[in-house]
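Here is a walk through one protein model, from its charged pairs to its backbone exceptions. Keep the sequence and the coordinates open as you read.

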Amino acid sequence: EYAGKIYGPETYTRLGQTCKRMKRLLLPDDDASSQTIQNIIRSRKAYCTAQRSMSLETTQDLTIKSLKELALFEAWCDTPLCDDNRIPFPFASVDIDESMHDKIHYIMKIMQRYRSVTVQLDSHCGTIAPNSVASSFSRSRGESIKDVLYDQTRVEVIGWGKRIANKVARSDNHAFGELAREGRGWVEVYIVLSDGGDDTRTIMLPPRHEFYDRDRSATADRG
C-alpha cells in the first residue's frame, strides 16, 4: 500500500503480483502446486544452463525481465514442451497422429491464455529426403500443425528442409540426432513473446539452438 501511494496504482498491482508469486514459490498450497514449483525450478536451472552454453554469436536475449515474461515462463514450464519441444513425424508423413495431440493441446492452451504470444514452428525433414522436395516437404509438416491451432495469424512456419537435420546428424550429443540419422523429420515448437516497443525485445521458449544462428545466411521457407 505504501508503494502504491508513492508510485501509483500500477506499481501497487505489480508489487502485489510479485508477492503472490513469491508466496506460491515458497509456500505451495497442495501437492499439485508443489510439483509445479519443482518443475519451474528444474526448468529455470535448465534455462540458465542453456543461457551459459549458448554461443557468444547468438542474437537471443535470454534474460527474463518482466512479470509477463515470468508468468509465461512458469506456464511453459508446466507443459511437456519444456522438456521436449519437438513433435516427431512418422517417416515420409505430414499427417497429425494421436501421439502429437498432447503437445498441440498445450500450444493452444498457452495461445489462449497469453494473447500477445506467437508461435514459431521450425520444420524439418530427414537427411535422406530428395533435395528437390526437402524444403517444401518440411514446411508442409509445420503447416499441418498450424492448421489445427487456435489462431493461425499468430503462427509462423519456417521450412528448413534438411539443412539443420544434416548438422544435427553429425552431432554426437544433440537431442534430435537420432531422428535425423534415421531419416525422419520433426517440428520444433517455440513460444515467442515480444514487448512490442520501439526497441523490440523478444524472448523465445526454449532458446533456439546455435545451429540456427550459424545458418542465418541460408534462405528458409517462411510463412
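Arg154 is buried, with a relative accessible area of 11%. In this predicted model, the side chain of Arg154 meets that of Asp151 in a salt bridge, 3.9 Å from N to O. The cut-off for a salt bridge is 4 Å. Asp151 is partly exposed, at 23% relative accessible area. The pair therefore joins a buried arginine to a partly exposed aspartate.

How many salt bridges does a search of the whole structure find? The search finds five. One of them links Glu143 and Arg139, at 2.7 Å from N to O. These two residues sit four apart in helix α7, which covers residues 134-146, so about one helical turn separates them. An α-helix has 3.6 residues a turn, so residues three or four places apart point the same way. Arg139 is buried, with a relative accessible area of 16%.

Arg184 and Glu182 form another salt bridge, at 3.4 Å from N to O. Here Arg184 is partly exposed, with 27% relative accessible area. Glu182 is also partly exposed, at 39%.

Salt bridges also form a network, and it links Asp84, Arg86 and Lys103. Lys103 leads to helix α6, where it is one of the buried residues. Helix α6 runs over residues 101-113 and has 13 residues. From first C-alpha to last it reaches 18 Å, close to the 18 Å expected at 1.5 Å a residue. Which residues of α6 are buried? They are Lys103, Ile104, Ile107, Ile110 and Met111. Seen down the axis of α6, these buried residues fall within an arc of 125°, so they line one face of the helix.

Next, the aromatic rings. The structure holds one aromatic pair. Phe73 and Trp76 form it, with 5.8 Å centre to centre and 45° between the planes. That geometry is tilted, because stacked needs planes under 30 degrees apart and edge-to-face over 60. Both Phe73 and Trp76 are buried. They are three residues apart in helix α4, residues 67-77, so about one helical turn lies between them.

Now the cysteines. The structure holds zero disulfides. Cys82 is in no disulfide, and the nearest cysteine sulfur, that of Cys77, is 4.6 Å away. A disulfide needs two cysteine sulfur atoms within 2.5 Å, so the 4.6 Å between Cys82 and Cys77 does not qualify. Cys82 is buried, with a relative accessible area of 16%. Cys125 also counts as buried, at 1% relative accessibility.

Finally, the backbone. Most residues other than glycine have a negative phi, and most peptide bonds are trans. Where does Ala92 lie? Ala92 is in the loop between β1 (86-89) and α6. Its phi is positive, about 55°, although Ala92 is not a glycine. At 57% relative accessibility, Ala92 counts as exposed, since the cut-off for exposed is over 50%.

The peptide bond from Leu205 to Pro206 is cis, with omega near -5°. Pro206 lies in the loop between β5 (202-205) and α10 (210-214). Leu205 to Pro206 is thus a cis bond that leads into this loop from β5.

Technical notes
Residues numbered from 1 in each chain as written. Predicted model: local features only at pLDDT ≥ 70, side-chain atom pairs only at ≥ 80, totals over all residues. Heavy atoms only, no water. Expected span 1.5 Å × (residues − 1). Buried < 20%, exposed > 50% of the residue type's maximum accessible area, 1.4 Å probe, protein only. Arc of directions from axis to C-beta. Phe/Tyr/Trp six-rings, centres within 6.5 Å; stacked < 30°, edge-to-face > 60°.
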